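Here are my notes on the model, point by point. Please read them with the coordinates open.

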Amino acid sequence: MNRARWPLAAALIAVVGCTVPGFLLPTDELLRDVYVRGPGTLPAVALTFDDGPNGRCTEAVLDALAAHGAPATFFVLGANVAGGRNDELLARMVHEGHVIGIHSYSHGVRALFWESNTARELRAAAAEVEVALRRAGVSDPAPVTLFRPPFGFLTAASARAAAAAGMHIVEWTVSVGDWRSTRRAEDVSTAILAQVRAGDVIVLHDGFGTHQRSIERCVDRARASEAVRLLIPGLTARGLQVVPLTTLFGLAPPSSPPHDV
Ligand SMILES: [Zn+2]
């Protein structure tokens with residue numbers, strides 16, 4: 001049982017514990033399509049990165065992951081993908097075994113209250129990812145099937161839109177405020193290792209703040225990548241393997257492996 005088929009109270013407790021600033025729960029079966037954590041039967045966790053891709057920030061994170069052979073999941077913003085600045089980074093994610101999900105197009109919250117607006121955001125972001133991968137030479141990109149709402153903010157309308165688009169909603173279980181300017185890489189790694197357990201979904205950010213749109217504003221790449229370099233050996237020492245979300249949740253891997261043109 002990988003999906004979060006939780007009663008209302010349990011879900012509320014879990015999310016408050018993740019310091020999500022706002023959270024509206026769907027009141028019906030839609031909650032079944034929300035993934036929060038893995039089953040815990042596999043000694044593994046997932047590293048996830050929100051708000052990118054962001055040029056040098058994301059490149060540094062990819063370098064750190066590659067140094068440890070750790071596959072992660074990147075929830076990218078359509079607005080960051082548009083324009084072609086990060087095409088090669090997206091292609092690199094695919095080639096190095098990472099999973100690409102979307103974090104909406106604009107990182108706005110208002111759209112989440114209307115099914116049609118969320119659907120538009122999902123379509124636009126997924127389309128930007130596909131176009132970017134094709135521009136970078138990935139001829140047959142796997143469809144995007146994972147959606148993490150901005151701030152983890154979940155509404156019934158957005159859940160319906162995600163389900164209609166064939167996307168799973170993903171939240172997280174471990175968030176330690178890595179985006180705060182006062183957080184050092186050591187602080188981030190230590191805080192995560194103090195609470196992590198099998199099945200956890202760890203959220204980090206490969207950019208500065210939660211609305212990073214600009215390569216120029218990428219001021220924390222050393223901290224983000226350094227946190228990864230500190231964290232992965234610590235996870236390994238605890239017997240926890242880093243796996244993509246699709247593995248942690250027991251979801252089918254991308255159906256069509258990419259091929260270079
Ligand atoms: Zn975000």
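The points below run from the whole chain to single elements.

1. Overall make-up. This is a predicted model. The chain has nine helices and eight strands. Of its 261 residues, 49% count as buried.

2. Contact range. Take the contacts in the chain with a separation of 6 or more: 81% of them join residues 24 or more positions apart.

3. Core. The largest nonpolar core holds 70 residues. Val61, Leu90, Ile102, Val129, Val201 and Ile202 touch the most other members.

4. Ile202. Leaving out residues up to four places away in sequence, Ile202 touches Val45, Ala46, Leu47 and Thr48. Trp172, Val174, Ile192 and Val196 are also touched by Ile202.

5. Helix H2. Does the length of H2 agree or disagree with its residue count? H2 covers residues 56–68, which is 13 residues. At 1.5 Å a residue, the expected span is 18 Å. The end C-alpha atoms are 19 Å apart, so the length agrees. The buried residues of H2 include Cys57, Thr58, Glu59 and Ala60. Val61, a core residue named above, is buried in H2 as well, as are Leu62, Ala64 and Leu65. Just after H2, Gly69 takes a positive phi of about 60°.

6. H4 against H5. How do the axes of H4 (residues 87–95) and H5 (residues 115–135) cross? They come within 8 Å and cross at roughly 90°. The two helices are therefore roughly perpendicular to each other. On the H4 side, Asp87, Leu90, Ala91 and Val94 make the contact; on the H5 side, Val129, Ala132, Leu133 and Arg135 do. These residues divide into six nonpolar, no polar and two charged. Leu90 and Val129 also appear in the core list of point 3.

Technical notes: Residues numbered from 1 in each chain as written. Predicted model: local features only at pLDDT ≥ 70, side-chain atom pairs only at ≥ 80, totals over all residues. Helix = DSSP H or I, 4+ residues; strand = E, 2+ residues; numbered from the N terminus. Expected span 1.5 Å × (residues − 1). Buried ≥ 20, exposed ≤ 12 C-beta atoms within 10 Å, placed from the backbone. Contact = placed C-beta atoms within 7 Å. Core = buried A, V, L, I, M, F, W, Y, C linked by C-beta atoms within 7 Å. Axes fitted to C-alpha atoms, helices over the stretch in contact; angles between N-to-C directions. Parallel < 35°, antiparallel > 145°, perpendicular 65-115°, else oblique. Nonpolar A, V, L, I, M, F, W, Y, C, P; charged D, E, K, R; others polar.
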